[in-house]
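Colleague: Could you walk me through how to read a protein–RNA contact surface, and then a single residue?

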Amino acid sequence: MSLKIYNTLTGKKEEFVPLKPGEVKIYTCGVTVYDYNHVGHGRSLIVFDMIRRYLRYLGYNVKFVRNFTDVDDKIINRANRECVPFTVIADKYIKEYFEDAENFRIEPADVEPRVTTHIPDIIDFIQKLIDKGYAYEVDGDVYFSVRKFKEYGKLSKRSVDELIAGARVEASDKKRDPLDFALWKRSKAGEPSWDSPWGKGRPGWHTECCAMIFKHLGETIDIHGGGLDLTFPHHENELAQAEALTDKPFARYWVHNGLVTVNGQKMSKSLGNYITLKEIYSKYEPDILRLLVLSVHYRSPLDFSWEKMEDTKKAYDKLKSAIDDVNILEKLPENPNFEGHLYDDIAKAEQGFYEAMSDDFNSPEALASIFKLVREMNILKNRAVKEGGISKKALQSYREASEIIYKILRDIFGLFDSLQPCVETEEIKAKKESEVKIDENLIETLIEVRNKARKSKKYDIADYIRDKLKDLGIVIEDTPVGTKWKKI
RNA sequence: GGCGGGGUAGCCAAGUGGUAAGGCAGGGGACUGCAAAUCCCUUAUACGCGGGUUCGAUUCCCGCCCCCGCCUCCA
């Protein structure tokens, strides 16, 4: 099956053909570790996790690299403010990152390199650019000569003249051209620094990714990803450096996810309108955010709201109960005369799912085909319950439908891996402690009592128990084969 | 200003040159002791506005309006 991917570089959906058949090399820009991750970071992580999983599903051997920027101005500023070495800040937020990633079932990358452990590679990279005439040293700084790279601007679709006209480019007396950007920054007093041929300093932001990509994946990768806001200048600069040096395509497909907004405004630190991932999973199962993110095409903007989380939770529960309700059918007596089965619907849903996913990872449409199957499952279930029996074949088809949905959503969307956060934060612990401890045996007993009351038509007692349980957050559903309950 | 992406029902959100997937919400019905869950029917004379091409456009072209992002660090 062919896969189409929208390539920022060409502005078109293109047939995906990896450099080496059967293998996909992906790099995504990870986070700068100076603060907690928010939903915007989460979206990017979830999107590329899904892309990676889908590629693997298609049979590709995927090598995935995601970096940490663990030295930069923001980290240094924060460290200075808190009077600690910058490594303390970086280490703390790398730890936080892993906690978030684990909670959202973001698979660890195959390599998760840190800038500070790749300094020699970065220096080597810069030196080669100088040797080739694309970079120059001035007073301990090294700059990239943007105008020397004739194709500069091809990714973000802008010309160097426009950029000059924009006049936002900060003039530096050291740069030969205001468009040039720093590959290496001479360290100021008190800043972290490493020895280099140009004196003590530290790498500029755009260079690290190139050096780490070359080291871990090679000079041409298949997919380079990140948030849309990284297109310029970061990815443009990366591309310029890499291609200037190698004269080879740096990335075959540039993939950018849309940004998360709040009330239409970009979620960002500076606006203060951000919601941390911790806050999400202290309130909801991590799966809910995953499903919300995948309910929107990855290139569209996603306006976050708690109302949407609520809506998504309901949709999620619908998927979950369709899968779980196989247990109701299992308990029904066999009825060989029961007509119908789900095999055609399963085939249609699977095909719909994969066609949608293969069209630039159209997860919302893929999800729609799952929901269509869910409806067919519910129709079959209703009928079986009404008729008081089901045929072996129909039951088996429901079982398979249930398994396929579960498998698809787990393997590709990363749902259902676990329904609870796997890392408990203080906030979650506190929340749990404040909750009334619910004893499952006790609930079963109450339900038994209620069912006895129902049998003897003492509905006031039965309803009283149901209401009281609801107050405790337990919802009851009577089914022909017994009473189901769940926590809300 | 330049570049990029959008404007689809009450709210989200896919999609198509031949008359609109899916989710949530609302109304009616079935089921239920009542509920819950689920199903059925129903909710866009129609896809920002105005032109054009076409037998036919929401989908293609042109113009306009509005929103967002990038152009400075940002997933």
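**Reading the RNA surface and one loop residue**

Modeller: Sure. Keep in mind that this is a predicted model. Let's begin with the strand and the residues around it.

Colleague: How many residues surround RNA strand B, and which are the closest?

Modeller: There are 58 of them, and the closest are Trp205, Gly227, Leu230, Asp463 and Arg466. Sorted by class, that surface has 19 nonpolar, 19 polar and 20 charged residues. Helix H13 (residues 363-387) supplies the largest share, with nine residues.

Colleague: Which part of RNA strand B faces the protein, sugar and phosphate or bases?

Modeller: Look at the strand's atoms within 4 Å of the protein: 68% belong to sugar or phosphate, and the rest to bases. Then go to individual pairs. A polar backbone atom of Gly227 sits 2.4 Å from a sugar or linking oxygen of the strand. For Lys372, a side-chain N or O atom is 2.7 Å from a sugar or linking oxygen. Asp463 reaches a base instead: a side-chain N or O atom there is 2.5 Å from a base nitrogen.

Colleague: Now the single residue. Where is Thr8, and is Thr8 buried or exposed?

Modeller: Thr8 lies in the loop between strand E1 (4-7) and strand E2 (12-15). Buried means under 20% relative accessible area, so Thr8, at 14%, counts as buried.

Colleague: What does Thr8 touch?

Modeller: Leaving out residues up to four places away in sequence, Thr8 touches Leu155, Lys157, Thr231, Trp254 and His256. With His256 there's a polar contact, side chain to side chain, at 2.7 Å.

Terms used:
Residues numbered from 1 in each chain as written. Chains lettered and ligands numbered in written order. Predicted model: local features only at pLDDT ≥ 70, side-chain atom pairs only at ≥ 80, totals over all residues. Heavy atoms only, no water. Near = heavy atom within 4 Å. Polar contact = N/O pair within 3.5 Å; in protein donor to acceptor, adjacent residues only side chain to side chain. Helix = DSSP H or I, 4+ residues; strand = E, 2+ residues; numbered from the N terminus. Nonpolar A, V, L, I, M, F, W, Y, C, P; charged D, E, K, R; others polar. Buried < 20%, exposed > 50% of the residue type's maximum accessible area, 1.4 Å probe, protein only. Contact = heavy atoms within 4.5 Å.
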